[in-house]
Amino acid sequence: MNQLDPPSAQLRWSVYSILIAVAIGAMLGRIMAVNSVDLVALEGHLHREGRADWSRARPLLSANDRSRWATTRSLVEHGTYAIDDVVAQRGWDTIDMVKHRDREGVEHLYSSKPPLFATLMAGEYWLIHRLTGATLGEYPYEIARFMLVTINVLPMIAYFFLLGRLADRFGTTDWARFYMMAVAAFGTFLTTFVVSINNHAPAAVCVTIAVYAAVRIWYDGRRDLRYFAVAGFFAAFAVTNELPALSLCVALGAALLWKAPRQTLLAYLPAAALVAVAALGTNYIAHDSLRPPYMHRNQADQADNWYDYSYLRDGKMRDSYWRNPVGIDRGEPSAAKYSLHATIGHHGVFSLTPVWILSAWGLVLLWRSGQKELALFIAALSVVCLAFYLSRPQADRNYGGMTSGFRWMFWFAPLWLVALLPAADRVANSRAGRALALLLLMFSVMSVTYPTWNPWTHPWLWNFLTYLGQEV
């Protein structure tokens, strides 16, 4: 690590702690207020009419998070991954589900999300249920908000702390370090999504832990097996949340194998294998298949197309939403237009969060400063994964559905924050440079706070273009 002047380090961590405390407090406040506000007015109207079924709102903000919550409930309350009984209840429906036969040949509905995350959630919910007797159906606000804190906020504390260590390690000016921590606390969509169960924040936390452990190995010469085990475990766990993070897991493993082959074989690979077994095992238990549900979309084989189905609800046969998706879920027909809007358009990585422009410049500065391995690692992963997302077929070109940003790239936040440091260092001694950096931060914060109540809404740029009458 850098040789730091103790008083300066103490001052820096005082500022880091203030930024982290404010960020955590803001996240907790949003979780305490989380509600499907679009239903509040309807509830009031139904209650005034004396309707017994007036309660409609829930702290479950989209089909995406309800899909995981439904699996969690079903595992604890019904002992099965099938979610038929849960999604039939008012306020618990979701479009993010598939249908296939179980081992007895009976067709059931299941979440389309990989089951490992929901299984871990079910462990906490089981404990709450056993200790209190309460269920998510009866006490959705109390239980869901508590679990959002433990699942989303507590890991973010580790995320911020390790980012502070990385800021100290790679930053050379206090201004750049403070700027990087301010971006981490307020300028990325990770904090926007803490009010909803999602896979992006856990993936980013895992990437941060894995990269920090790898930095200790690569740059600081540590050969403790614990660092290799931590890097392997969390790199692999990132894959269970974001499949393209497999590129990071493999690249990190290859780099450490070259640097320290014995420790990598003894600790990194077994730790990663443990996560792989858990992910594949839960998927096999849930679906009798090693492939996650979203890989069962074979248009040529009806038996292997779990998205094409009908189901009975309220005495009426209904078609799967994915038989005829609407709006943004139809996918953008033009690959060029999709690439434009995913980068600098209405869902753009750089247009919504322009602080990442500094990260792109920072990669060049990292390379020129002699830290070519780190620059190449971040740049190659970013380009490969972005190219993967942009090259998807039309059905997948939907920006992540109804969402406030191009969410599939959110897990890159810790990598891009590290890359941002050299650029922030470069502008630290320039009044104009600092002003520009602060302007980029201001617009980034505006974008990530725009979806005040619900991150599963369109970005402000989408709404602005719509207001101007532009076809989006």
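The chain in this predicted model has 19 helices and four strands. With 472 residues, a compact globule would have a radius of gyration near 23 Å, and the chain agrees with that expectation because its own value is 23 Å. Along the principal axes, the C-alpha atoms of the chain fill a box of roughly 70 × 55 × 50 Å.

**Burial and contacts in the chain**

- Of the 472 residues in the chain, 53% are buried.
- Among the contacts with a separation of 6 or more, 71% are made between residues that lie 24 or more positions apart in the chain.

**Helix H10**

- Helix H10 covers residues 225–241, and its 17 residues should span 24 Å at 1.5 Å a residue; the end C-alpha atoms are 25 Å apart, which agrees.
- The buried residues of H10 include the aromatic residues Tyr 227, Phe 228 and Phe 237, and also Ala 231, Gly 232, Ala 235 and Val 239.
- These buried residues of H10 pack against four helices, namely H5 (115–132), H9 (200–218), H11 (246–259) and H12 (261–287).

**Helix H17**

- Helix H17 runs over residues 413–427, and for its 15 residues a span of 21 Å is expected at 1.5 Å a residue, which agrees with the 21 Å between its end C-alpha atoms.
- H17 nevertheless bends by about 30° at Leu 421, and a proline, Pro 422, follows within four residues.
- H17 is also mostly covered, since 14 of its 15 residues are buried.

**Aromatic pairs and a cluster**

- The structure holds 24 aromatic pairs, and one of them is the stacked pair of Trp 175 and Tyr 179, with 5.2 Å from centre to centre and 10° between the planes.
- Trp 175 and Tyr 179 are four residues apart in helix H7 (residues 174–186), so about one helical turn separates them. An α-helix has 3.6 residues a turn, and therefore residues three or four places apart point the same way.
- The two partners are not equally covered: Trp 175 counts as partly exposed because its relative accessibility is 24%, whereas Tyr 179 counts as buried because its relative accessibility is 3%.
- The rings of Tyr 309 and Tyr 311 form a tilted pair, because their planes stand at 50° while their centres are 6.0 Å apart; planes under 30 degrees apart would count as stacked and those over 60 as edge-to-face. Both Tyr 309 and Tyr 311 are buried.
- One aromatic cluster is formed by Tyr 338, Phe 388, Tyr 389, Tyr 399, Phe 406 and Trp 408.

**Charges over rings**

- The charged end of Arg 73 sits over the ring of Trp 92, at 4.6 Å from the centre of that ring.
- The charged end of Arg 103 sits over the ring of Tyr 284, where the distance to the ring centre is 5.6 Å.

**Positive phi values in loops**

- Asp 288 is a residue other than glycine with a positive phi, near 55°, and its place is in the loop between H12 and strand E3 (310–313). With a relative accessible area of 38%, Asp 288 is partly exposed.
- Tyr 399, which belongs to the aromatic cluster described above, also has a positive phi, near 65°, although it is a residue other than glycine. The place of Tyr 399 is in the loop between helix H16 (372–390) and H17, and Tyr 399 counts as buried because its relative accessibility is 2%.

How values were computed:
Residues are numbered from 1 along each chain as its sequence is written. This is a predicted model: local features need pLDDT of at least 70, side-chain atom pairs count only at pLDDT 80 or more; totals for chains, interfaces and linings use all residues. Side-chain values use heavy atoms; hydrogens and water are left out. Rings of Phe, Tyr and Trp (its six-membered ring) pair if their centres lie within 6.5 Å; planes under 30 degrees apart count as stacked, over 60 as edge-to-face and the rest as tilted. Helices (H or I, at least four residues) and strands (E, at least two) are DSSP runs, numbered from the N terminus. Buried means under 20% relative accessible area, exposed over 50%, partly exposed in between (1.4 Å probe, protein chains only). A charge sits over a ring if NZ of Lys or CZ of Arg is within 6 Å of the ring centre and within 35 degrees of the ring normal. The expected span of a helix is 1.5 Å times one less than its number of residues. The bend at a residue is the angle between axes fitted to the seven residues ending there and the seven starting there. The radius of gyration is taken over C-alpha atoms; the globule rule is 2.2 Å times the number of residues to the power 0.38. Contact means heavy atoms within 4.5 Å.
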